[in-house]
Amino acid sequence: MDCLFCKIVAGEIPSHKVYEDDFVYAFLDIYPCSEGHTIVLPKQHFTRFTDMDEKDAANLFAAVNKVVKNVEKILELEGANIGINNGEIAGQTVQHVHVHIIPRREGDNGGSMHTIVGTKPSRDNLAELAENIRNSF
Ligand code: 5GP
Ligand code: ZN
């Protein structure tokens, strides 16, 4: 499969690895948003987070939890944004699911999750929307 991140996992393309176990591989982003910007991905190819089952997703986030703790410790951070661009509409450019760990620092001029979408929806259907989602499980 012609996947950039599968090639990184296989060692066919070099990367600055920070962590590896049976399930995940983590490395520094080549175009960092901030110093220490780290990518964590499952070694197995899944295009999107929503293609993974609950067990694989749990393994991925267990590793993310470990990696964030050490990135924060080594870089002496007070916090980080942790997230997935799930689908091209959400900004995903590499079609192999991956979690971004983006270190945050005082005065970095960054935003929060609240700044991702520019146009806010109406709040008048929250009860109906929640019920629809609840009933879908
Ligand atoms: P996405 O936009 O799909 O959520 O994130 C893809 C990320 O992969 C980007 O932050 C980009 O900088 C990073 N990236 C793309 N190509 C490479 C590469 O060859 N090596 C590394 N280390 N990171 C890459
Ligand atoms: Zn892949």
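**Ligand shell and salt bridges in a predicted model**

Tutor: A polar side-chain atom of Asn85 lies 2.9 Å from an oxygen atom of ligand 1, and this distance, like every other value discussed here, is computed from a predicted model.

Student: What makes the approach of Asn85 to the oxygen atom of ligand 1 a polar contact?

Tutor: The cut-off for a pair of N or O atoms is 3.5 Å, and the distance for Asn85 is 2.9 Å, so the pair lies within the limit and counts as a polar contact. The backbone takes part as well, with a polar backbone atom of Leu28 placed 3.0 Å from a nitrogen atom of ligand 1 and a polar backbone atom of Ile30 placed 3.3 Å from a nitrogen atom of the ligand. Set against the limit of 3.5 Å, these two distances therefore qualify too. As for cover, the protein takes up 84% of the 520 Å² of accessible area that ligand 1 has on its own.

Student: How many residues surround ligand 1, and which are the closest?

Tutor: There are 15 residues around ligand 1, and the closest are Asp29, Asn85, Thr93, His98 and His100. By class, this shell divides into 8 nonpolar, 6 polar and 1 charged residues.

Student: Which helix and which strand each supply at least two residues of the shell around ligand 1?

Tutor: Helix H1 (4–9) and strand S2 (24–28) each do so, and H1 gives the most to the shell, with 3 residues. These elements belong to a protein with 3 helices and 5 strands, which follow one another along the sequence in the pattern α-β-β-β-α-β-β-α.

Student: Why is His100 called buried?

Tutor: Buried means under 20% relative accessible area, and His100 has 14%, so the label applies. His100 has its place in strand S5, and its side chain is joined to that of His37 by a polar contact of 2.8 Å. Leaving aside neighbours within four places in sequence, the residues in contact with His100 include Asp29, His37, Gly83 and Asn85.

Student: Why is Val99 called buried?

Tutor: The relative accessibility of Val99 is 0%, and the limit is 20%, so Val99 is classed as buried. Val99, too, has its place in strand S5. Beyond its neighbours within four places in sequence, Val99 is in contact with Thr38, Ile39, Val40, Leu60, Phe61, Val64, Ile82, Gly83 and Ile84. Over the whole protein, buried residues make up 29% of the 137 residues.

Student: How do you know that Arg105 and Glu35 form a salt bridge?

Tutor: The criterion asks for a side-chain nitrogen of Lys or Arg within 4 Å of a carboxyl oxygen of Asp or Glu, and the closest N and O atoms of this pair are 3.8 Å apart, so the pair falls within the cut-off. Arg105 lies in the loop between strand S5 (99–104) and helix H3 (126–134), while Glu35 lies in the loop between S2 and strand S3 (38–42), so the pair ties together parts that are 70 residues apart in sequence.

Student: What accessibility classes do Arg105 and Glu35 fall into?

Tutor: Exposed means over 50%, and partly exposed covers the range between 20% and 50%; Arg105, at 30%, is therefore partly exposed, whereas Glu35, at 56%, is exposed.

Student: What makes Glu20 and Lys17 a salt bridge?

Tutor: Their closest N and O atoms are 2.7 Å apart, which is within the 4 Å that the term requires, so the name holds. Glu20, with a relative accessible area of 37%, is partly exposed, and Lys17, at 47%, is partly exposed as well. Lys17 and Glu20 are also linked with Lys43 in a network of salt bridges.

Student: How many salt bridges does the structure hold?

Tutor: The structure holds 5 salt bridges. One of them pairs Asp108 with Arg104, with the closest N and O atoms 2.7 Å apart. Asp108, at 34%, is partly exposed, and Arg104, at 22%, lies above the 20% limit for buried residues and therefore counts as partly exposed.

Conventions:
Residues are numbered from 1 along each chain as its sequence is written. Chains are lettered from A and ligands numbered from 1 in the order in which they are written. This is a predicted model: local features need pLDDT of at least 70, side-chain atom pairs count only at pLDDT 80 or more; totals for chains, interfaces and linings use all residues. Side-chain values use heavy atoms; hydrogens and water are left out. A residue is near a molecule or strand if one of its heavy atoms lies within 4 Å of it. A polar contact is a pair of N or O atoms within 3.5 Å; within protein, one must be able to donate a hydrogen and the other to accept it, and residues adjacent in sequence count only if both atoms are side-chain atoms. Accessible areas come from the Shrake-Rupley method with a 1.4 Å probe; for residues, only the protein chains shown count as cover. Helices (H or I, at least four residues) and strands (E, at least two) are DSSP runs, numbered from the N terminus. Ala, Val, Leu, Ile, Met, Phe, Trp, Tyr, Cys and Pro count as nonpolar, Asp, Glu, Lys and Arg as charged, and the others, Gly among them, as polar. Buried means under 20% relative accessible area, exposed over 50%, partly exposed in between (1.4 Å probe, protein chains only). Contact means heavy atoms within 4.5 Å.
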